[in-house]
Structure formats: structure tokens, C-alpha cells
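Please open the structure in your viewer and keep the sequence panel beside it. The tour below goes from one selection to the next and says what is found at each stop.

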Amino acid sequence: MSTNQENNLLALDNLKKNLGGIVRVDDQSLHDASFDGLKVSFSPQAVICPQQATQVGEVLRLANEYRIPVTTKGAGSSLTGGATPIKGGWVLDVSQLNKIEIDADNMNARCGPGAVVGDIQEQSAKLNLFYPPDPSSKKFCTIGGNIACNAGGLRCVKYGVTRDYVLSLSGYLPTGEAVQWGRATRKFATGYNIRDLWIGSEGTLGVVTEAVLRLVGKPVAQKTFLAAFSNDSSALRAPIELARLGIRPSILEFLDKWTVECVQSFTGKEVFSGLSPHPVLLIELDGDPSSIEAESVYLQKWLEESSICYLSADSNEAAEELWEVRRQGSPAMKKLANTKLNEDVVVPLKEQINLVECVHDLRSEFNLKIGVFGHCGDGNLHVNFMYNHEDQDESSRAVEALTRLMRKVHDLGGAISGEHGIGLAKTPFVRMQFNEAEWKTMQAIKKTLDPNEILNPGKIFDIFNPWDQKKINTILPWEHSHDEPKPVET
Ligand SMILES: Cc1cc2nc3c(=O)[nH]c(=O)nc-3n(C[C@H](O)[C@H](O)[C@H](O)COP(=O)(O)OP(=O)(O)OC[C@H]3O[C@@H](n4cnc5c(N)ncnc54)[C@H](O)[C@@H]3O)c2cc1C
């Protein structure tokens, strides 16, 4: 037995001695913790499911002593492999630390990292409060995962992203020492803002064991519109033109003509009856009924001038029908090939047209199936490259086209990820985003806060080519069909 193996076994013995009841080493637990939404699998040595925050500190203290890699996991819905234990070691599954306490007077929510985002929204709504960040995965993803990735979603165009709602974070350093960054106050200008450094650091700098989130008043009504446009640029002018008109949509989603075509062949239904596929926008207004009515007047005027036709819905049931085209985008694409490279790039608002044109060019030049759709209110578009993994030629064309897209995003002043993070899947492109000084600064931060590389090693900094990996054949809980509407996939 090598010294390394002996060390790992000694560490595991100590872990079991100190925290026995919450340590799992059976095959099923190790398998379940070996992958996330990216579906590439690396087996850990143990899975630990803390019932109290202090146990997280004890796990990290031991891991640091024996130099065991630790990957923190919430729901495992990361699409970039962020929660995949690529270096083995221990998986810290914090999903059972899921308390939610709403403080209505201070308008905040005190949550464990395993609290499911949809549950935080539901419990806030009972007190007429609203936690706005709205990833499509909210029915199963956790607030810890959202904080680690600085998750976005559908309503960010009006309300902002996860970062905009985090007041304070409690947790543990990779050494196992307890810390609290920020306070449960509306303002905080006291010392370095490590809270914001942890947000979006993908579990590489610390483990969150409690978050206090800012809540806002719950909007009482919504009105939804679906509009078809003669071309991409008329649709993609919306974020800028609506802002000039003083209209603040809570949702502003775009689908290109190719994606609409794909959805129509999948569902067998025309999005607009009698109209051939065109680029579309899904727009939602929210607030109190009088402000919605006032905004609707201006929005309808703009739609009459700019779109070919539009539909609107006041009730949830009618809105569901308008949502259908957006919801079916990803399922429709999945039918086209067995592998997807799922990008969530972000560019300045007025560059979106250049990004979409680039996708059209790549589609024809590389003869590939590529859909572009998503949160155009934020300049955050999802580009899905569909290809068959066993077709060598098609796989290389997909990788080459993706590389060209990433360069274009960079040239347009954008970023390779707007909401999913880097994890493993975006590492081939992350270096192009930073100059030498910036990259060294990021490395220095990691080195200072985690000198023994305990937390999530292998993520962000090391190159991993997702297209070279065999994906495991498994259906994740949220991929089963339900009677209720499926989450909108990105
Ligand atoms: C159908 C579908 C739709 C999606 N839609 C969106 C969307 O609209 N917007 C969006 O932003 N994302 C979306 N995602 C991606 C995913 O849901 C988010 O990245 C989410 O934030 C991950 O949360 P999780 O609980 O699953 O975290 P995990 O996948 O378990 O972990 C994600 C990362 O967070 C770290 N982490 C988890 N918990 C902690 C903690 N307590 N402390 C420190 N680090 C931690 C992990 O180490 C990992 O790096 C979608 C995914 C799916 C499958």
C-alpha cells in the first residue's frame, strides 16, 4: 500500500470515529456522489452528510490535516461539473442543512445551504415577500449552489442575480475555521468584502453553512406577451428600446428562428398559427395591476410597431401556453443528437445581434445543429451545440465551432459564462478571459485562502476537455417527466 493510500485510510478512520453516523462509503452513495448535471463520473472515497453546520468545520479540519480533497455538493444540478469530485477524496453533501427562517420585519430569510430555492420563494410568498433570483432549476437547486455559482435565471433582467440578494454568509475556511462575512444588515462597508469573493467562487474558497438573504415585496400580478419578429435584430433591440421607453420587463427571453423551427417539428404545433417560424420574444411584466396596465400600453405600442404579431395573457393558465415554446427549446434539441455542449455566454446588450449572427455563420460553415436562445434582457444567451459523440468528424467540428464562438464572445467584450460558472466544462476557454496579471491574482487568492488545495481542486484553473469524456448513462431526478410543467432547461 502506498503512503498516499495509507494516509487516505487513516483520514477516513478518523472521519468515521469523529462523525461516524453521517459518513457513507457504500457503493450506491459513492456512485450517486460521483457526478452532477454534467454527467461525467469520478468516484469519491466517502460522502459526508452533515446535520449541523459545526460538522462541516470538523470535516474540513480533518481534510486539511490529511490533505484530502473536498467537493461540496448541494443538489448536484451544476451543468459544468462544479460538484463532480474529479480528484476523488470526500464529497460534502450539505443538502440536509436546509432550514428556512423568514424574518418578515427585517425582510430577510436565514437559510441553510441546502434550502431549495423554490422553497425559499414559497415560504417568502406566504408573508407577501419575494426572493427574486429565479434559476429555471429552482424546484431542486439549493441556495448554497446558487451562491457558489452566482446563479442567474429568468427574472434577473429586472431584479438582478443571486449576488444582489446576499446580505451575509456564514461558513468555514478550508482549514475548518468558522467565519462570517457581512451581516444581516442592508448595508455593509466594514473591511474587505470577502462575502462577495465567496459568491461565484464555485466552492473553491470556503463552504457556506448559512446565508441571510434580502427579500423584497411580492409583485401581485403578471402579464405575459409572446411576439414574432421579422428578423433577429428587430427582436434583439428590445432590451435597449424598452428601457428607453421606461418599460422594465421581469422576463425578456429570445429564441432564434432555428430554435423555433426545431420546437415546431418536435411538438408538431405552430407557435403562431399560420405563420412560418420567426425569431420570438417572451416578455413578462410584473407589479401591481395599475402599473402593469400602464406599462402594457407602451409595450403594446412598441410591439405593434416592431413585431409581426403578438399574443398576450393575463392569467397563469393562458401564460403557460405562451411559455410552451421556451420550455420546449431544450427537449426539442435533445432529440437531434446524443450530446450537447451547453454554453451560457454573456455579451453587452447591443452586441447580442453580432453573437447571434456568429451562431448562424457557425451553423452553416460547420454544418452543425446549434440553437441560440435565452435571457436577452441581460445579454446572457444559451448556445447549444448538438452532435453525436461517436461521430469523430462531427465531434471535432462541434469543438472547433465552440472555440470560435468563445473567441467571438471575448472579442465582443463578453464573458464565457454568465450564470453557470466555469467548473470543469468551461476550463478550456477560461484562460482567454484573463491577462497574465489577472490570472496570477486569481491564483494568488486561491493559494492564500486554500494553501493545501482542499476545496474543489481541479476546478476553474486546470484544463479539462468535456468532449473527451464518456458521459454516464443516467437520468437525473429532474429529468423524469412530471405532470406539472418541466423546468425550463438552459
Ligand atoms: C434544468 C436545469 C436548469 C437550469 N437553469 C439554470 C438557470 O436558469 N440559471 C442558472 O444560473 N443555473 C441554472 N442551472 C444550473 C444549476 O442549477 C445552478 O448552477 C445551481 O446554482 C446549482 O445548484 P446546486 O444546488 O445543484 O449546486 P451543485 O450542483 O451541487 O454545486 C454547484 C457548485 O456549487 C458548489 N457548492 C454547492 N453548495 C455549496 C456550499 N454550501 N458552499 C460552497 N460551495 C457550494 C459546488 O462545489 C459546485 O461548485 C440549471 C440546471 C438545470 C439542470
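Two residues are in contact if their C-beta atoms, placed from the backbone, lie within 7 Å. With that in mind, and remembering that this is a predicted model, begin with helix 4 (117-125) and select Val 117, Ile 120, Gln 121 and Ser 124, which are buried. Looking down the axis of helix 4, you will find these buried residues within an arc of 100°, so they line one face of the helix. An α-helix has 3.6 residues a turn, so residues three or four places apart point the same way. Now add strand 5 (100-103), strand 6, strand 7 (129-130) and helix 5 to the selection, since the buried residues of helix 4 pack against these elements.

**The loops on either side**

Step back along the chain to Pro 113, which is found in the loop between strand 6 (108-111) and helix 4. Is Pro 113 buried or exposed? It counts as buried because it has 31 C-beta neighbours inside 10 Å, and 20 or more is the cut-off for that class. Leaving aside neighbours within four places in sequence, its contacts include Gly 74, Val 94, Leu 97, Thr 142, Ile 143 and Gly 144, and Val 208, Thr 209 and Ala 211 are also among them. If you draw a distance from Pro 113 to Val 383, the two C-alpha atoms are 30 Å apart in space, with these positions 270 residues apart in sequence.

Then move to Lys 139, in the loop between strand 7 and helix 5; with 19 C-beta neighbours inside 10 Å, Lys 139 counts as partly exposed. The C-alpha atoms of Lys 139 and Ser 312 are separated by 26 Å, and the two residues are 173 residues apart along the chain.

**The ligand shell**

Select the ligand next, together with the 39 residues around it, of which Gly 74, Gly 82, Gly 144, Gly 145 and Gly 203 come nearest. Which elements each supply at least two residues of this shell? They are strand 3 (70-73), helix 5 (143-149) and strand 10 (207-214), and helix 5 gives the most, with five residues. Coloured by residue class, the shell divides into 14 nonpolar, 20 polar and five charged residues.

For the wider setting, colour the chain by the domain assignment, which gives domain 1 (3-93), domain 2 (100-218), domain 3 (221-330) and domain 4 (336-450). Domain 1 and domain 2 both give residues to the shell around the ligand, so the ligand lies between them. The C-alpha centres of domain 1 and domain 3, by comparison, lie 45 Å apart.

**Strand 12 and helix 12**

Go on to Phe 225 in strand 12, which counts as buried because 22 C-beta neighbours lie inside 10 Å. Not counting residues up to four places away in sequence, Phe 225 touches Ile 283, Leu 299, Leu 303, Tyr 310 and Ser 312, while its C-alpha atom is separated by 22 Å from that of Ala 332, 107 residues apart along the chain.

Now select helix 12 (residues 316-327), where Leu 322, Val 325 and Arg 326 are buried. These three cover an arc of only 110° around the axis, which puts them on the same side of helix 12. On the other side of helix 12, Asn 316, Glu 317 and Glu 321 are exposed. Among the elements that cover the buried residues are strand 12 (221-228), strand 14 (280-287) and helix 10 (257-267).

**The nonpolar cores**

Where is the interior most connected? The largest nonpolar core has 114 residues, and Leu 213, Val 280 and Leu 281 have the most contacts inside it. Select Leu 281 and, leaving aside neighbours within four places in sequence, you will find it in contact with Ala 227, Phe 229, Ala 235, Ala 238, Leu 252, Glu 253 and Phe 254. Apart from this core lies another, of six residues, among them Leu 79, Ile 86, Leu 424 and Phe 464.

**Two backbone stops**

Finish with two residues that have a positive phi without being glycine. Arg 67, in the loop between helix 3 (53-66) and strand 3, has a phi near 60° and counts as partly exposed, with 14 C-beta neighbours inside 10 Å. Ile 460, in the segment after helix 17 (436-449), has a phi of about 65° and is buried, with 21 other C-beta atoms within 10 Å.

Methods. Residues are numbered from 1 along each chain as its sequence is written. This is a predicted model: local features need pLDDT of at least 70, side-chain atom pairs count only at pLDDT 80 or more; totals for chains, interfaces and linings use all residues. A residue is near a molecule or strand if its C-beta atom, placed from the backbone, lies within 6 Å of it. Helices (H or I, at least four residues) and strands (E, at least two) are DSSP runs, numbered from the N terminus. Ala, Val, Leu, Ile, Met, Phe, Trp, Tyr, Cys and Pro count as nonpolar, Asp, Glu, Lys and Arg as charged, and the others, Gly among them, as polar. Domain bounds come from an automatic or database domain assignment. A residue is buried if 20 or more other C-beta atoms lie within 10 Å of its own, exposed if 12 or fewer, and partly exposed in between; C-beta atoms are placed from the backbone. The arc is that of the directions from the helix axis to the C-beta atoms. A nonpolar core is a set of buried Ala, Val, Leu, Ile, Met, Phe, Trp, Tyr and Cys residues joined through C-beta atoms within 7 Å.
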